[in-house]
Amino acid sequence: MMSHSEFSILLVEDDPNDIFLIERAFRRANLKHSIHVVKDGDEAVMYLKGQSCYTERENYPLPALILLDLKLPRRSGLEVLEWLKQQPLLKRIPVVVLTSSRENIDVDRAYDMGVNSYLIKPVAFNALQEMMQALDSYWLQFNQYPSVYLS
């Protein structure tokens with residue numbers, strides 16, 4: 001079982017401004033988790049499979065939480081979610097959609113496909129920081145983490 005400080009987060013986000021703000025919100029909230037960033041859906045799948053440049057699990061550990069944008073190049077967030085939920089063990093990793101889409105069709109499809117939570121990116125930085133603190137508290141401190149082993 002991993003300790004709280006060993007948890008890492010996979011941020012799947014293509015917008016450099018959003019990446020900067022999310023990483024900054026984590027730092028400002030004094031959250032010590034490592035954040036690994038991939039910028040499109042295909043890269044997210046390669047990371048999770050441990051393929052291409054992501055074979056070294058010491059450098060690219062399986063995340064305790066995936067923050068997934070929906071509007072991604074090459075493979076959408078929903079396509080990544082669909083792939084992930086078909087993987088026997090990886091499907092246990094909690095996924096939080098973090099997006100600017102308020103479309104009911106996106107919310108409903110994400111939940112139908114097994115997402116654990118759906119959050120709208122706040123406009124104000126302070127609200128983003130509070131959201132990241134809440135994510136840390138709930139998903140990485142209080143939530144019981146499932147076993148995820150790869151053969």
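The buried residues of α3 pack against four elements: α2 (41-49), β3 (65-68), β4 (95-99) and α4 (104-112). Keep in mind that this is a predicted model. Helix α3 itself covers residues 77-84, and six of its eight residues are buried, so the rest of the structure largely encloses this helix. If you want to pick them out on screen, look for Gly77, Leu78, Val80, Leu81, Trp83 and Leu84.

Now take one of those neighbours, α2. Two packed helices are described by the angle between their axes and the distance between the axes. For α2 and α3, the axes come within 9 Å and cross at roughly 25 degrees. Angles under 35 degrees count as roughly parallel, so that is the label for α2 and α3. The crossing of α2 past α3 is right-handed. On the α2 side, the contact is made by Gly41, Ala44, Val45, Leu48 and Lys49, while α3 brings in Val80, Trp83 and Leu84. Sorted by type, the residues of this contact come out as six nonpolar, one polar and one charged.

From there, hop over to valine 38, which sits in strand β2 (residues 34-38). Is valine 38 buried or exposed? Buried, with a relative accessible area of 1%. Leaving aside residues up to four places away in sequence, valine 38 touches Leu10, Leu11, Val12 and Glu13, along with Glu43, Ala44, Tyr47 and Tyr54. Ala44 should ring a bell: this α2 residue is also part of the contact with α3. As for a long-range pair, valine 38 and leucine 135 are 97 residues apart along the chain, and their C-alpha atoms are separated by 19 Å.

Key: Residues are numbered from 1 along each chain as its sequence is written. This is a predicted model: local features need pLDDT of at least 70, side-chain atom pairs count only at pLDDT 80 or more; totals for chains, interfaces and linings use all residues. Side-chain values use heavy atoms; hydrogens and water are left out. Buried means under 20% relative accessible area, exposed over 50%, partly exposed in between (1.4 Å probe, protein chains only). Helices (H or I, at least four residues) and strands (E, at least two) are DSSP runs, numbered from the N terminus. Contact means heavy atoms within 4.5 Å. Axes are lines fitted to C-alpha atoms, for helices over the stretch in contact, and angles run from 0 to 180 degrees between N-to-C directions. Angles under 35 degrees count as roughly parallel, over 145 as roughly antiparallel, 65 to 115 as roughly perpendicular and the rest as oblique. A crossing is left-handed if the near helix is turned anticlockwise from the far one by less than a right angle, and right-handed if clockwise. Ala, Val, Leu, Ile, Met, Phe, Trp, Tyr, Cys and Pro count as nonpolar, Asp, Glu, Lys and Arg as charged, and the others, Gly among them, as polar.
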